[in-house]
Amino acid sequence: MKMKFFLLILLIMFIFSCRRKTKTVISDFRDVDISLYAKDVQELQIDESSERTALSINIPHIANENVFLKLSAFVDSIEYIKLENIENSEIGVIDKIDIKHDTIYILDRYKTKSLKRFSLKGKYIDAIGNMGEGPTEYNEPTDFILTDKNIILFDQFKCRLMFFNLDGTYLYSKKSPFLFLKFHQFSENQYIFYSLDADNDHLPSILNYAIIQSDSSFMVKNKAFYRDKTKSLSFYNETNFSPQEDKILYHPPFNDTIFSISSSNKVAVEYIINFSDKTIPNEYLLLKNRDKFLKEMRRDNYISFSGTFFELEKYLFLVFQKKTLNYNVIYNKINK
């Protein structure tokens, strides 16, 4: 538990970095009958009854902006691991971090473009895969997950999942017929993908849907969370899509609700963040009102919750924006 909390705090420190616009790779699909991958796609519906059991979090008005949250109020100790600094071990930005079998996995998308492994004592082990143009190499390691059998790495520019065994040996790759940025595997034949609103014009049946569910052959079964990119403000946050052990937490941009998606494809309301009269009116989130939205956010009229959050067993951590400041919230789910 302590180690996971340390990793979350470390990830928060590095979460905001320059993001590049998704590269268009539609030309890569010219030889693929992409219509075969998105037939009879079902739209997942939100279980309305779940709103009655969802945890509602009321955020009080902030009278004094010089309020500081001390870690000592809810953390009894802090541990850190100093990572070994030797040749080939360098890390530019921590985009994702995970632990499996006493090994720390650190993803750096843009600086060193690598997925590197360290021991729990900080010793550098190796890098998974290599950057390059070869059939076993990647252009950009965009996301990764760890399963009981494999390390699965996603290369956004080549639009494919690369499979390695747990010792780092390359096994094979699978090319996706649609675009996405993050993914999760519930089982060997059930994947959940998080896509931007601007992606997948070549597949009208899933265009403008943020959540896509498919089998291991990328046959799309379900979709969820439609957002019309021509009408609504679009915003990407690294933690809008947060896989847990038995579910995925998803937060639509600027929404007051955090949803859960289960392995049985049930969509439920998990948390409701209540900013009372500081909640942004829906009309301000329309594309035509973009300038008005930005103007209002520079004032003290509304609070913006763009989507930075983490769930722990006892706590929910989230960040909201008020004027030009970020506020960190630690919510105790046990005593509310």
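**Exercise 1. In this predicted model, determine how many bridges join strand β5 (residues 103–108) to strand β6 (residues 114–119), and in which sense the two strands run.**

Solution. Six bridges link β5, covering residues 103–108, with β6, covering residues 114–119, and the two strands run antiparallel. To place one pair within this register, begin at I104 and look across to β6, where its bridge partner is F118.

**Exercise 2. Find which strands form the open sheet that contains β4, β5, β6 and β7, in what order they lie, and which of them are the edge strands.**

Solution. The order of the four strands in this open sheet is β4-β5-β6-β7, with antiparallel pairing. The edges are taken by β4 (96–100) and β7 (124–127), each of which pairs on one side only. As for orientation, neighbouring strands of this sheet are turned against each other by 20° on average, when direction is ignored.

Turning next to the pair β6 and β7, one counts three bridges in the antiparallel sense, and K116 stands opposite A127 in β7. The hairpin that these two strands make has four residues between the strands, and in this hairpin G122 adopts a positive phi near 90°.

**Exercise 3. Work out the strand order of the five-stranded open sheet, and explain why one side of β1 and of β12 is left without a neighbour in the sheet.**

Solution. The five strands follow the order β1-β15-β14-β13-β12, and their pairing is mixed. Because β1 (42–43) and β12 (182–187) stand at the edges and each has a single partner strand, one side of each remains without a neighbour in the sheet. In general, the strands of a sheet pair through backbone hydrogen bonds, in either a parallel or an antiparallel arrangement.

For β12, the connection to β13 (residues 190–194) consists of five bridges, and these two strands run antiparallel. Within this pairing, K182 is found opposite Y194 in β13.

**Exercise 4. Decide whether T142 is buried or exposed, and establish which residues it is in contact with once its neighbours within four places in sequence are left aside.**

Solution. First locate the residue: T142 lies in strand β8, which spans residues 141–146. Its relative accessible area is 0%, and since the cut-off for a buried residue is under 20%, T142 counts as buried.

Next consider the surroundings, leaving aside neighbours within four places in sequence: T142 is then in contact with L107, R109, F154, D155, Q156 and L181. Finally, compare sequence with space for one further pair: T142 and L153 are separated by 11 residues in sequence, while their C-alpha atoms are 7.5 Å apart.

Terms used. Residues are numbered from 1 along each chain as its sequence is written. This is a predicted model: local features need pLDDT of at least 70, side-chain atom pairs count only at pLDDT 80 or more; totals for chains, interfaces and linings use all residues. Side-chain values use heavy atoms; hydrogens and water are left out. Two strands pair if DSSP finds at least two bridges between them. Buried means under 20% relative accessible area, exposed over 50%, partly exposed in between (1.4 Å probe, protein chains only). Contact means heavy atoms within 4.5 Å. Axes are lines fitted to C-alpha atoms, for helices over the stretch in contact, and angles run from 0 to 180 degrees between N-to-C directions.
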